[in-house]
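Okay, thanks for coming, everyone. I'll walk you through one structure today, and I'd like to begin with a charged residue and work outward from there.

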Amino acid sequence: DELDALRAVPPLPADERRWFRDDAPSFVVWIQPTANAQLSTVDLDDLHVCDLEPWGQPTGTQVRVDPVLGRVSVAAGRPVHRLAVSWSYAFGGDLGAGPYPRRGDLGSLGEPVDWQIGVSVTDPPIANEVVPKIGDAVDAWHAWQAAHPGTNGRIVLMDSHLYRENLTSGGKIQVGQGSRLGLLAAHWPQPEDRPRRADDPLDPVGVRPCLVGDVEVIGTGTGERPGQLAIDGLLLGGLLTVVAPASGESGLGRLELRHSTVIPYATVVPGTPGIALAAGNDRAEVLLDQVITGPLRVAGNADTPAAPITVIDSIVQAETGKAAIDAPGADATLRGVTSLGTTTVRSLAADDCLFSETVTVARRQQGCVRFSHVPEGSQTPRRYRCQPDLATAAAPGDPTVATRVAPVFASLRYGAAGYGRLAETAARELREGAESGAEMGAFRQTLTPQRLTNLGTALEEYLPLGRVAAALPVLPIRGDLS
């Protein structure tokens, strides 16, 4: 309607625009007509929002967009070498891959790098500096590593492009003994007075590249310093697998993901793991920090222990009844985790966690579970201020307590604005059950109850005598509440 009003005579005034303001339009379409031409913005006169369920091609220079189905249709007479789209979306917090400002180090495990290369579709290729494919950068890393073993490298994805590549088999990422590799999303500025250098600062804001394909990682060599891989700011649309090392080799030493998403394909392809560590990587520590991922599976058992896993402020999702965290040989430290599926570990230390299905811990004489929701039938170490334990103790003999305090989510569909977040109809014991008084699980960082309380307190100053301010939750009229 607004686009039609902009094309009307007289056109909609600028101060009445909601979706297509000059400073922040809701979405923009760019077209590069030929390989040698520049990306240029599609004029709003040519842009139409349509139902493209039956597709259909426009005429002239028009471009049709269906934001519901995610389809774009361009007139046959308009040449297109490359098409790009920028859009706005909502989510409950700074979690997973996104263009938000990312905290944490971008120095590949906190140390200066010896080697660096950029990956970009929009920037022109520069020998030994910028390449158009991630696979090319991985090949360059392998060549560098062969000549400089035990060094620190970094691959920088410099734009929010969609890369369709499989880094598997002969193209998988190899990290040798004593080596560290960072695969990071960030701007790598080009200084005007000199070439780029490995120690140039990176800007992680506003970049979210997507790698559509499977990724395999292998640790090579033997010794006391197995290789390490860090991934920061990427959206992975495939499986991330640490494959078994060759016979006699020690495998990977550490896998670290921060501010990244491994799309939880359990919602689409049942039984498919998001992150998997094969046998032989028993020294591979795992760290997930502000990550959204499908199931995490670590080979091993209580008799053949694996390296420890640490998950912080993250969502781990499996299909209903399946394992979200399947690491029977690993000692797990979970803080602010929403586990959508069963959880099996060797030992457990958990704070502010939301377990939707049963938890099974082999060694229950060590560890502790605090300020968390643990379903009935779980086998855990000692608990402190957990639910539904507290609610059951407050109403002994009431068979409905466990059901009332069970988690209710705004959505369990990845991509929805309320994905992984407790619904307004969830029990107050969960929405305010974390140690800080925030909601349990991955969204404890948003401190929603405290922010609502602060808002009410601030409004009291401006209310007439006898009036009271209260926040009224707006429930969705329609949407995915499953």
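So, start with Arg 258. Its relative accessible area is 17%, and since buried means under 20%, this arginine counts as buried. One thing to say up front: this is a predicted model, so please listen with that in mind.

What does Arg 258 form a salt bridge with? One partner is Glu 256, and the closest N and O atoms of that pair are 2.7 Å apart. Glu 256 is buried as well, with a relative accessible area of 5%. Arg 258 also has a salt bridge to the side chain of Asp 289, at 2.9 Å from N to O. That second pair links distant parts of the chain: Arg 258 sits in strand E18, residues 254-258, while Asp 289 sits in strand E21, residues 285-289, and the two are 31 residues apart. Asp 289 comes out buried too, at 13% relative accessible area. And if you follow the shared partners, salt bridges join Arg 254, Glu 256, Arg 258, Glu 285 and Asp 289 into one network.

How many salt bridges are there in total? The count comes to 21. For a contrast in setting, take Arg 17 and Asp 22, whose side chains meet at 2.9 Å, N to O. Here Asp 22 is exposed, with a relative accessible area of 67%.

Okay, on to the aromatics. The structure holds 5 aromatic pairs, and I'll show you two of them. Trp 115 and Trp 141 make a tilted pair, 5.7 Å centre to centre with 45° between the planes. Trp 115 is in strand E7, residues 115-119, and Trp 141 is in helix H2, so this pair links distant parts of the chain, 26 residues apart. Buried or exposed? Both Trp 115 and Trp 141 are buried.

The other pair is Phe 371 with Tyr 384, and this one is edge-to-face: 5.6 Å between centres and 80° between the planes. Phe 371 lies in the loop between strands E29 and E30, Tyr 384 lies in strand E30 itself, and they are 13 residues apart. The two partners differ in exposure: Phe 371 is buried at 11%, whereas Tyr 384 is partly exposed at 44%. While we're on rings, have a look at Arg 196, which lies over the face of Trp 188, 5.5 Å from the ring centre.

Back to helix H2 for a moment. This helix covers residues 134-147, and Gln 145 is in it. Gln 145 has 10% relative accessibility, so it counts as buried. Leaving out residues up to four places away in sequence, it touches Gln 174, Val 175, Gly 176 and Ser 179. A polar atom of the Gln 145 side chain lies 3.0 Å from the backbone oxygen of Gln 174. Ser 179 is 34 residues away in sequence, yet the C-alpha to C-alpha distance is 7.8 Å.

Last stop, the nonpolar core. The largest one has 61 residues, and Ile 155, Leu 334 and Leu 348 touch the most other members. Strand E25, residues 323-340, gives this core its largest share, 7 residues. Ile 155 has contacts that include Trp 115, Val 138 and Leu 183, so you've already met one of those: Trp 115, from the tilted pair. There's also a second, separate core of 17 residues, with Phe 409 and Leu 422 among them.

That's it from me, happy to go back to any of these.

Conventions: Residues numbered from 1 in each chain as written. Predicted model: local features only at pLDDT ≥ 70, side-chain atom pairs only at ≥ 80, totals over all residues. Heavy atoms only, no water. Core = buried A, V, L, I, M, F, W, Y, C linked by side-chain atoms within 4.5 Å. Buried < 20%, exposed > 50% of the residue type's maximum accessible area, 1.4 Å probe, protein only. Helix = DSSP H or I, 4+ residues; strand = E, 2+ residues; numbered from the N terminus. Contact = heavy atoms within 4.5 Å. Polar contact = N/O pair within 3.5 Å; in protein donor to acceptor, adjacent residues only side chain to side chain. Phe/Tyr/Trp six-rings, centres within 6.5 Å; stacked < 30°, edge-to-face > 60°. Lys NZ or Arg CZ within 6 Å of the ring centre and 35° of its normal. Salt bridge = Lys/Arg side-chain N within 4 Å of Asp/Glu carboxyl O.
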